Amino acid sequence: MQSARRGLLIILSSPSGAGKSTLARSLMAWDNSLSFSVSATTRAPRDGEKDGREYYFRTRDAFKQMVDQGEMLEHAEVFGNLYGSPKAPVEAAISQGRDVLFDIDWQGGQQINTAMADDVVSIFVLPPSIEALETRLRGRGQDSDDVIEARMKKSRDEISHWAEYDYCLVNHDIKEAEEQLRAIITAERLKRRRQLGLMDLVRDMNDEFESRSQ
Ligand code: ADP
Ligand code: 5GP
């Protein structure tokens, strides 16, 4: 049995189209004890997106009210829309020792890292090339040419923050990137300082050694 440990805040960032949503979905399917932080946003839902599943879709006024009332762990403007991570579900998950996965941009990553550095594992996903990034954005078929152009322009800015992250994955092959992501999470969970039950386990073993030596 694994000993109790502190919950992790897993931050996944990348330029749009590099594959972080695909990786996030795969990680959630791998471990159903993970909790996904559903962000609030003022952007319009895309086809197939459902309120409360991909995002909480909110008006600008409702979003600003959440910020003013201190309900956001972090928030930022991306592509002219507001995005933010509601605080309450994260605090609930962490207090139960559950890990939380965030699909957020570098601005949100920085804010959470500043507030809760000890609990954060940050991972940046790079595309193998700019060409692959554009092909993936177009292949996803979700955005107009204008939006794709804007996302490509913003990519340079997002990529410039790669070195602020603990880990960097180059998403050539999705299966390989998925495996690498699982390896990171597995290793981070095993960090000594996160395994709260180890002290008790070692103390019990010492007691046992003591009693055997008598
Ligand atoms: P992001 O969340 O970073 O914007 P997505 O996960 O939506 O990116 O991926 C963008 C598109 O690229 C999707 O159509 C996805 O299926 C595809 N994709 C993701 N990873 C790979 C990969 N390694 N090789 C080819 N296509 C990929
Ligand atoms: P999209 O509109 O494509 O779903 O997301 C656009 C960008 O916003 C992505 O880089 C995504 O990671 C980021 N994003 C999504 N939710 C949040 C959030 O809650 N906070 C921050 N800072 N960025 C977010």
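The dialogue below goes through the pockets and the two ligands of a predicted model.

User: How many residues line the largest pocket, and which lie nearest its centre?

Analyst: The structure is a predicted model. Its largest pocket has 41 lining residues, and those nearest the centre are Lys-20, Ser-21, Arg-46, Tyr-55 and Asp-103. The volume of this pocket is about 1,000 Å³.

User: Which elements give two or more residues to that lining?

Analyst: They are the helices α1 (20-30), α5 (130-140) and α6 (145-159), together with the strands β5 (72-78) and β6 (81-86). The largest share is that of α1, with six residues.

User: How should I read the chemical make-up of the lining, by class?

Analyst: Read it as a count over three classes. For the largest pocket the count is 16 charged, 13 polar and 12 nonpolar residues. Tyr counts as nonpolar in this scheme, so the class of a residue does not rule out a polar contact through its side chain, as Tyr-83 will show with ligand 2.

User: What sits in the largest pocket?

Analyst: Ligand 1 does. The space taken by ligand 2 is also the largest pocket. The two ligands are best taken one at a time.

User: Which residues come nearest to ligand 1, and how many are around it?

Analyst: There are 15 residues around ligand 1, and Gly-17, Ser-21, Thr-22, Arg-140 and Asn-171 come nearest. Both α1 and α5 supply at least two residues of this shell, and α1 gives the most, three residues. By class the shell has eight polar, four charged and three nonpolar residues.

User: Which backbone atoms lie close enough to ligand 1 to count as polar contacts, given a cut-off of 3.5 Å between N or O atoms?

Analyst: Start with the oxygen atoms of the ligand. A backbone N or O atom of Gly-17 is 2.7 Å from an oxygen atom of ligand 1. For Lys-20, a backbone N or O atom is 2.9 Å from an oxygen atom of this ligand. A nitrogen atom of ligand 1 has a backbone N or O atom of Ile-174 at 3.2 Å. As for burial, ligand 1 taken alone exposes 570 Å², of which the protein buries 76%.

User: Which residues are closest to ligand 2?

Analyst: Ser-39, Arg-43, Tyr-55, Glu-74 and Tyr-83 are the closest of the 17 residues that surround ligand 2. The strands β5 and β6 each supply at least two residues of the shell. Its classes are seven charged, six nonpolar and four polar residues.

User: Which side chains make polar contacts with ligand 2?

Analyst: Among them are those of one tyrosine and two aspartates. A polar side-chain atom of Tyr-83 is 2.5 Å from an oxygen atom of ligand 2. The side chain of Asp-103 has an N or O atom 2.8 Å from an oxygen atom of the ligand. In the case of Asp-105, a side-chain N or O atom is 2.8 Å from a nitrogen atom of ligand 2. On its own, ligand 2 has 510 Å² of accessible area, and the protein covers 95% of it.

User: What is the volume of the second largest pocket, and which residues line it?

Analyst: The second largest pocket holds about 180 Å³ of space. Its lining residues include Arg-43, Arg-46, Tyr-83, Gln-142 and Asp-143. Arg-46 also lies among the residues nearest the centre of the largest pocket, while Arg-43 and Tyr-83 are among the residues closest to ligand 2.

User: Which elements supply the lining of the second largest pocket, and what is its make-up by class?

Analyst: β6 and α6 each supply at least two residues. The largest share, three residues, comes from α6. By class, this lining has six nonpolar, four charged and two polar residues.

Methods: Residues numbered from 1 in each chain as written. Chains lettered and ligands numbered in written order. Predicted model: local features only at pLDDT ≥ 70, side-chain atom pairs only at ≥ 80, totals over all residues. Heavy atoms only, no water. 1 Å grid on protein atoms, 1.4 Å probe; cavity = no way out; pocket = protein on both sides within 12 Å on 5 of 7 lines; lining within 4 Å. Points joined across faces, edges and corners; volume = space filled by probe spheres on them. Helix = DSSP H or I, 4+ residues; strand = E, 2+ residues; numbered from the N terminus. Near = heavy atom within 4 Å. Polar contact = N/O pair within 3.5 Å; in protein donor to acceptor, adjacent residues only side chain to side chain. Areas by Shrake-Rupley, 256 points an atom, 1.4 Å probe, with all protein chains shown as cover. Sits in = over half its atoms within 2 Å of the grid points.
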